[in-house]
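Trainee: Hey, got a minute? I'd like a walk through this one.

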Amino acid sequence: MATDFWASSHYRRWIVDRSTLRQARSDDRDYATDEELAFLGIFFANLISKLGKKLDLRQRVIATATVFFRRFYLKNSYCDTDPFLLVAACCYVAAKAEETPVHVKNVVAEARALFSSDEYDIKGFPSDNTRLAEMEFYLVDDLECDLTVFHPYRTLMTLCRKEGSAETEAEDISSQEAEAGEVGVGIDDPRYWGTGQGKLELQEPALQMAWFIINDTYRSDLCLIYPPHLIAIAAIYLTCILHPSTRNSIHAQSASRAVASSSSTSAPRRSSRQATQSSNAAPPKGKGKERQIDTVGWLAGLNVSMPLIATIAQEIISLYCLWDRFSDDHGSESARGTVGATRKGKVVSLAMEVVYDEEEDGKPKKVTTSLSLTKVWKRMRQSREADFSHPASGQPLPVNKSLILQS
């Protein structure tokens, strides 16, 4: 695995702009709206997570599989391929890439059981293992054999630590760093985000919330647009705003700074000798512990663009706004429930330019189900096949049947 993010294929070839993403969905946009395509992105990311849990894959492997899925659809469209077969192939390849392989028979068996349920109603998933193996080759070919993926988890644990833990205490963090998986140092170099003086202390629930927010970002295209360290900082930023006790702690720090500022202006002026002696004085006994880092000052000291971090945070909130209209089991490793309970009023979606309300005209908002999204994809595929069979030119066009589900 590459040891430097900035020299890796992830940064050099798989960080794209929004125009590239829009161009990648140009064929799908002929058969579905932007909102339906955004729902499909959430839907298939959830599907990868569910299949990964059935295969006992770790969160890092599930995140890698989701990135593979999104990279594949930078070059392909939903209406021309079978995304359900691709979901299984992504889990299969990601498990290999992250050195936790699973047998192809197990992947096929679990995928068939999951997709054929009433929730998805995909009865034609192939039982032949060679179909999945064939799809693996299509996937790796479109990925250009770039199987290195950096995730925001390691950056999160590099910047933060659990409240009350010592700087050298790594037992609680080591397991989560192992989950993050990268051995690279390039993304963790302090020069990319600040002085590196001290880690931000967060309560365990707050640190867990930031971790879950990162999990949720894979339901959007953020992993294709921004480097992982920016997504991690945006998750910390949102945690400071949305986690109640962390938010109250920041308010208390701001109040104490205001009091200290007012007292310093009213205090008598000291001579320079007195000030030097006071600054060089040894700390009182029993107070050798490092003082708590000011959260606002810590965020301000990061060597990143805070307007850009706020933009990423707004896009994450927009994702939750859309996700709230999708009736699925988001699982225990998601911050969706906490964010939904905290968020009030209207939030403007920058990605889709829509304002979502808790209710519209006093009526409950429309809810999208997994089965309805499966029908959307089937409708897209049927319309695409009809266009291929009866094009405007009158000449039938070739279709790669190996990538299309035989139902």
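Mentor: Sure, one term to start: helices (H or I, at least four residues) and strands (E, at least two) are DSSP runs, numbered from the N terminus. This is a predicted model, where local features need pLDDT of at least 70, side-chain atom pairs count only at pLDDT 80 or more, and totals for chains, interfaces and linings use all residues. Residues are numbered from 1 along each chain as its sequence is written, and side-chain values use heavy atoms, with hydrogens and water left out.

Trainee: OK, where does E144 sit?

Mentor: E144 is in the loop between α7 (129–142) and α8 (152–159). Its phi is positive, about 55 degrees, although E144 is not a glycine.

Trainee: What sign does phi usually have?

Mentor: Most residues other than glycine have a negative phi. D56 also has a positive value, near 60 degrees, and it lies in the loop between α3 (34–54) and α4 (59–72).

Trainee: Is D56 buried or exposed?

Mentor: D56 is exposed, with a relative accessible area of 69%. Buried means under 20% relative accessible area, exposed over 50%, and partly exposed in between (1.4 Å probe, protein chains only). E144 counts as partly exposed because its value is 41%.

Trainee: Switching topic: how many helices and strands are there in the protein?

Mentor: The protein has 18 helices and six strands. Of its 407 residues, 48% count as buried.

Trainee: And how much of α12 is buried?

Mentor: In α12, 13 of the 15 residues are buried, so the helix is mostly covered. As for length, α12 (residues 228–242) should span 21 Å at 1.5 Å a residue, and its end C-alpha atoms are 21 Å apart, which agrees. That expected span is 1.5 Å times one less than the number of residues.

Trainee: What about I317, which helix is that in?

Mentor: I317 lies in α16 (residues 306–323). I317 is buried because its relative accessible area is 13%. I317 and L238 are 79 residues apart in sequence, yet 8.9 Å apart in space, C-alpha to C-alpha.

Trainee: Which element has the lowest mean pLDDT?

Mentor: Strand β4 (residues 354–356), at 35, while α4 has the highest, 95. pLDDT is the predictor's confidence in each residue, from 0 to 100. Over residues 167–187 the pLDDT is below 50, and this stretch has 45 contacts in the model beyond near neighbours in sequence. Contact here means heavy atoms within 4.5 Å.

Trainee: Why be careful where pLDDT is low?

Mentor: Because the predicted coordinates should not be read in detail there. For the whole protein, the mean pLDDT is 77, and 67% of the residues reach 70 or more.
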